[in-house]
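Biologist: I would like a close look at one part of this model, taken slowly enough for a first-year student. Please take the sheet in the shorter account first, strand by strand, and then relate it to the rest.

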Amino acid sequence: MKIEVLGSGCPACQKLEQNAKKAVEELGLKNVKVEHVYDVNEMMERGITFSPAIMVEGEIKAEGRIPSVEEIKKWLK
Amino acid sequence: MKNKRLYFGIFLIVLLLGGLVVYEWYGAFKKSRLIEQGVYPKEPFPITPGTPAWQVPLLTLLSYGQKAWLCLLIAFLVAGAFQTFIPKELVIKHLGKKSPKAYLIAAFGGPLLSVCSCSIIPLFAAIKKRGAGLGPAITFLLATPAINPAAIILTFSMLSWKFVVGRIVLALSAAIITGLLVEKIWGRYEDDGKSELKVQYHEKELELIPDLKEWFKNVWEFVAKILPLVFLGIFIIGIVKIFLITEVISRYLGQGLLQTAFASIIGVVMYTPTLVEIPFVRELIGLGMGTGPALAFLLTGPALSLPSMLGVSKAVKWRVVLTYASIMWILGIIGGLVFAHFVPQILLV
């Protein structure tokens, strides 16, 4: 499974990356990778309009806000 | 009814704003009556020349907390209501095609989104590449953080309605003019000529309890994100205040062309977290800043900063970034001078 955090490098995006990593760690998932996409054009290609955004398995789960660790955990189950 | 949710949101926002305006005007009315009778309202946290320096930042913070808590609360409630009930697609939908109208929609629609300057960079890139093009994208980029509902409310309550009018009129015109000029200069080099911007528009039904819950959640997110920055900003202003003397402020930031140019360039370069610009300007006016430099700073401060320019430079070339920054600097000066012409002096209560 793949989680992607998309952001322009702002503090909010870093926080989302931390939350995503924490969610993966707390669930003890070993084969889940958290990647950070910084490329604005890439975000646009994927139809994201607001950063930070998070995608799980290529599906946009949230954008323009920072989902909590608990919320991210739900998407991973 | 189809747009029940949207109308409910608008009703809520009008109600909150109306309440605040009535409250503020009633307070101002009462205060002026007291002053007429010779009774001056007492400052609960006074800062006098005898106050020890270490207490100044603390007292500054307390004094703002006491004066502004209600207006901050309403500002956050309104910002949250915008985010919850006004569908973002409504604005973005109209920025999908090239048309002269796109400039107006970018300028007036941007503030409705009420999001911070760094989170709109992907949308900026999308408008530029797939949507209305470079000019409207620039207008959108500059108008969105410059005027948001929370900042307008705080400006009204802590500065004056004159600054509200000046800010809205001048910031929107500056954003539109900059967009048009940048399009004229660099538009043909940056034209990607791609397909149209697609926006999915999900119309949501009004469900009172979950919607109100979502509203409070959004309000809380704003509070958690912005309030610590505002307090930190005020605290730092309190520290800076110890070292600034009225003579220095009046010389470098008093009324005048050079002073306005100086205030405008500070605004372009410095990163000002949203809402912090207001106590910043309020304190400096108290120390002798002119109305012209004050408005120039309000125009450029929240709209531009080095970090946001770095972010934008990922989506357009640096020459475009430098062009819009310089145009905004000049428009900041012009805006400041225009404002100083109409409002040469202001007394903040």
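Modeller: What follows goes through the sheet of chain A, then the contact between the chains, and then some parts of chain B. Keep in mind that this is a predicted model.

Chain A holds an open sheet of 4 strands, in the order E2-E1-E3-E4, and its pairing is mixed. The strands at the edges are E2 (33-37) and E4 (59-63) of chain A, each of which pairs on one side only. Averaged over the sheet and ignoring direction, neighbouring strands are turned by 20° against each other. Strands of a sheet pair through backbone hydrogen bonds, and the pairing can be parallel or antiparallel.

Start with strand E1(A). This strand is mostly covered, with 4 of its 5 residues buried. E1(A) pairs with E2(A) in the parallel sense, over 5 bridges. Within E2(A), the residue opposite A:Val5 is A:His36. To get from E1(A) to E2(A), the chain passes through helix H1 (residues 11-27) of chain A, and this β-α-β crossover is right-handed.

Strand E1 (residues 2-6) of chain A also pairs with strand E3 (residues 53-56) of chain A, here in the antiparallel sense and over 4 bridges. Two of the partners can be named: A:Ile3 has A:Val56 of E3(A) as its bridge partner, and A:Glu4 has A:Met55 of E3(A).

E3(A) in turn pairs with E4(A), again antiparallel, over 4 bridges. In this pair, A:Ile54 has A:Ala62 of E4(A) as its bridge partner.

Two details of the backbone belong with E3(A). One is at A:Pro52, in the loop between helix H2 (40-45) and E3 of chain A. The peptide bond that joins A:Ser51 and A:Pro52 is cis, with omega at about -5°. The other is at A:Glu57, in the loop between E3 and E4 of chain A. The hairpin of E3(A) and E4(A) has 2 residues between the strands, and A:Glu57 takes a positive phi near 50° there. A:Glu57 is a residue other than glycine. As a rule, most residues other than glycine have a negative phi, and most peptide bonds are trans. A:Glu57 counts as exposed because it has 11 C-beta neighbours inside 10 Å, and the limit for exposed is 12 or fewer.

Now the contact between the chains. Chain B gives 16 residues to this contact and chain A gives 14 residues. On the side of chain B, the largest share, 7 residues, comes from helix H5 (residues 121-130) of chain B. Sorted by class, that side of chain B has 10 nonpolar, 2 polar and 4 charged residues.

Next, the inside of chain B. The largest nonpolar core has 111 residues, and those with the most contacts inside it are B:Phe124, B:Ala143 and B:Met328. The largest share of this core, 12 residues, comes from H2(B). Away from its neighbours in sequence, counted up to four places, B:Met328 touches several residues, among them B:Leu142, B:Ala174, B:Val268 and B:Leu304.

Helix H12 (residues 277-286) of chain B is mostly covered, as 9 of its 10 residues are buried. The buried residues include B:Ile278, B:Phe280 and B:Arg282. The buried residues of H12(B) pack against five named helices of chain B: H2 (55-85), H7 (149-158), H9 (208-243), H10 (246-253) and H13. Just after H12(B), B:Gly288 takes a positive phi of about 115°.

One residue of H13 can be followed further. B:Leu295 is in helix H13 (residues 291-300) of chain B. B:Leu295 is buried because 30 other C-beta atoms lie within 10 Å, where 20 or more are required. Leaving out residues up to four places away in sequence, the contacts of B:Leu295 include B:Phe163, B:Leu170 and B:Phe339. B:Leu295 and B:Ile333 are 38 residues apart along the chain, and their C-alpha atoms are separated by 8.9 Å.

For contrast, take B:Leu310, placed in helix H14 (residues 306-312) of chain B. B:Leu310 is partly exposed because it has 15 other C-beta atoms within 10 Å. The C-alpha atoms of B:Leu310 and B:Thr178, 132 residues apart along the chain, are separated by 18 Å.

Definitions and conventions:
Residues numbered from 1 in each chain as written. Chains lettered and ligands numbered in written order. Predicted model: local features only at pLDDT ≥ 70, side-chain atom pairs only at ≥ 80, totals over all residues. Contact = placed C-beta atoms within 7 Å. Nonpolar A, V, L, I, M, F, W, Y, C, P; charged D, E, K, R; others polar. Pairing = 2+ DSSP bridges. Axes fitted to C-alpha atoms, helices over the stretch in contact; angles between N-to-C directions. Right-handed = clockwise from strand over helix to strand, strands pointing away. Core = buried A, V, L, I, M, F, W, Y, C linked by C-beta atoms within 7 Å.
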